[in-house]
Amino acid sequence: MELNGPPSKGNKFSASSPKERNTGSKTKTVHSKNQTESKCLICSRGISCQTVRSRTTEMRTLVRHKRSHEAQTLYKALIQEGHVPSLVTYTTLLTVLTEQRKFGLIPQLLYEIQETGAKPDAIFFNAIINAFCEAGKINEAMTVFWKMKLSGCKPITSTFNILIKGFGLAGKTNEAQKVFEMMSAEAEGGVKAGDQTYNTLIKAWCDGKNLDEAWKIVEKMRSNGLAPDIVTYNTIIGGYARTGETSKAEALLLEMQRRYKPNERTWAILISGYCKEGNMRDAFRCVHEMKNAGIFPSIIIFNTLIKGFIDARDVVGVGEVLKLMRKIGVDRDVVTYSHQINAWSEMGHVTKCMEVFDKMLQDGIKPDYQIYTILAKAYVRARKPKKAESVLQEMKRNKMQPTVVTYTTVISGYCTAGNMKDAIRVYMNMIEEGVSPNIKTFHTLIWGYGEAKLPSKGEEVLQIMRESRVAPTEETFDLVADAWRAVGLPDEASRILGSSNGKGNIKEKIGVEMEEESMEGLNGRGPNSPNSNMFRVKSAISVSRRNPVLGIKSSVFCAKRCDFQIRFYGRATANSCKLVFIH
């Protein structure tokens, strides 16, 4: 981490071109260069026209109202109409991309801004630094900070606040402290720490569970003439609750009440803290005290309380919370029901799960993905994998695409039952639906083959992972090795783990193969090239597409489906490759 100075000299903010960064592969761009050629006479003179200014204002309004996708659509329309965005427009778009967590598009945007010749200001640099901080790329954020200074643009108070927050999010509280000290050294330049600066640093120390250092910042705050505000108190209270000292947090609330009235956030922190400690008596007491203080408990607080009682296996307590909710007129939401269904699921009471589910439907609340996944898990726990699979069909009937988590839950049900044929069938259905497997999916399959005493099939999953671009972890290899040990073949387990027993290192082999494929783009074989391994993988897992002329589903995945089934079953099924006619 470069905290002591810039990594290199220079006075320009630079970004490499898409060609320099993506040789041999396609790049998704924010907009192409020919789109930036202005058709607007005013924009072509380097002046922002009224349309650009008004659209930018609309974009900023949409961002404030958490409607970032609409803001991006407005930006695209601006480009298509032949206007040149202003620096403020670009800054707003950076905020949009950050909110959508589309961090991969930011380097391309920076390159395009550089092409316009615009000179970034402090607000623009702040937007970039914040984007990198939100992406967890704190080193890149610091690089931008130094380039900001080298360009002659002076950092402002909010610049330092963003960096302190970024280091806090990264768990690097000492570096956050150094940024604060760096900020203090630049006080003569008009940069001065305010309430937000101190509170951000205090939060970093509290998140790092170092309350002593947090209190030192509070004292420093006071010595500089700033009094702790309600945000400060809530942050410290949250710090105590996080370290399992909620009673100390409540004692601090008494001090806080001398200056500020605790808000809903304050009570929510205390209630959540007591729930995590399993102290449901004090958690419920705080809800009553909150209500008596004139603060109406929200459904979020009640859901926290219900979850606490469920974790404590206190069904009576859950009933008391629901009774209080009815008394003060707070309706249950989908989260409330999901907690209840999950509780009955963990106890193995599938019938109770369905009773709560039916009550939810009667109350007019639509189930979400989590509810369906919990139901599938309940059936799996009850050793009813076919019932679990029926949840997938129910989701599709309600026009909801099952997620990889739901599919993996169903697959685990069949694995537990020793029915690997149906486990693979559900896996293939998931692929055909366009849902990509994750590492948990593959671990479940490997474990299933281990339980079925078929370690060689479990090992073959490693190859499927490579083709699916999912990198095996230490746990992956341990699962395969355990499968070999379970059938009394420790030498095979050692081969998997890479022991020097003359049988080779499968870890290294898998790693080299994946590295070779990652280099295909640099060797002139992009991911869409027919000669590319990646292209072959895509053929294996592509979602079936309709032929626009014949109305027939394309069999793009058929050959690979046959290969997959031969690999796992030793033969191709009669109907594994067929055309499906759409009526």
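A helix here is a DSSP run of H or I at least four residues long, and helices are numbered from the N terminus. With that in hand, the overall layout comes first. The model is a predicted one, and its chain has 31 helices and 0 strands. Of the 583 residues in the chain, 46% count as buried. The accessible surface adds up to about 29900 Å², and carbon and sulfur atoms own 51% of that. Taking contacts between residues at least 6 apart in sequence, 61% join residues that sit at least 24 apart.

Helix α13 makes a good case study. Its 13 residues, 230–242, should span 18 Å at 1.5 Å a residue, and because the end C-alpha atoms turn out to be 18 Å apart, the expected and modelled spans agree. Just at the start of the helix, a side-chain oxygen of Asp229 comes within 3.2 Å of the backbone nitrogen of Val231. After the helix comes Gly244, with a positive phi near 80 degrees.

Is α13 largely enclosed or largely open? Buried means under 20% relative accessible area, and 10 of the 13 residues of α13 are buried, so the helix is largely enclosed by the rest of the structure. The buried set runs from Thr232 through Tyr233, Asn234, Thr235, Ile236, Ile237, Gly238, Gly239 and Tyr240 to Ala241. What do these buried residues pack against? Their partners are α11 (195–207), α12 (211–223), α14 (246–256) and α15 (264–277).

One residue of α13 links this local picture to the bigger one. Setting aside neighbours within four places in sequence, Ile236 is in contact with Ile202, Cys206, Leu211, Ala214, Trp215, Val218 and Leu252. Ile236 also turns up in the largest nonpolar core, which has 94 residues; together with Ile129, Ile271 and Leu305, it touches the most other members. Helix α7 (residues 122–134) supplies the largest share of this core, 9 residues. There is also a second, separate core of 53 residues, with Ala388, Met395, Met465 and Val480 among its members. As a rule of thumb, nonpolar side chains tend to be buried together in soluble globular proteins.

Charged side chains tell another part of the story, with 24 salt bridges found across the whole structure. In helix α11, Lys203 and Asp207 pair up with N and O 2.7 Å apart. These two are 4 residues apart in the helix, which means that about one helical turn separates them. Lys203 is partly exposed at 42% relative accessibility, and Asp207 is partly exposed too, at 30%.

Helix α22 (residues 385–397) has a pair of its own: Glu394 and Arg397 meet in a salt bridge at 2.8 Å, N to O. They lie 3 residues apart, about one turn of the helix. Why does that spacing suit a pairing of side chains? An α-helix has 3.6 residues a turn, so residues three or four places apart point the same way. Glu394 is partly exposed, with a relative accessible area of 29%, while Arg397 reaches 59% and so counts as exposed.

Elsewhere, Glu70 forms a salt bridge with Arg67, and their closest N and O atoms are 2.8 Å apart. Glu70 is partly exposed at 40% relative accessibility, and Arg67 is partly exposed at 39%. Salt bridges can also link up into a group, as Glu250, Asp282, Arg285 and Glu289 do in a network.

Key
Residues are numbered from 1 along each chain as its sequence is written. This is a predicted model: local features need pLDDT of at least 70, side-chain atom pairs count only at pLDDT 80 or more; totals for chains, interfaces and linings use all residues. Side-chain values use heavy atoms; hydrogens and water are left out. The expected span of a helix is 1.5 Å times one less than its number of residues. Buried means under 20% relative accessible area, exposed over 50%, partly exposed in between (1.4 Å probe, protein chains only). Contact means heavy atoms within 4.5 Å. A polar contact is a pair of N or O atoms within 3.5 Å; within protein, one must be able to donate a hydrogen and the other to accept it, and residues adjacent in sequence count only if both atoms are side-chain atoms. A salt bridge is a side-chain nitrogen of Lys or Arg within 4 Å of a carboxyl oxygen of Asp or Glu. A nonpolar core is a set of buried Ala, Val, Leu, Ile, Met, Phe, Trp, Tyr and Cys residues joined through side-chain atoms within 4.5 Å. Accessible areas come from the Shrake-Rupley method with a 1.4 Å probe; for residues, only the protein chains shown count as cover.
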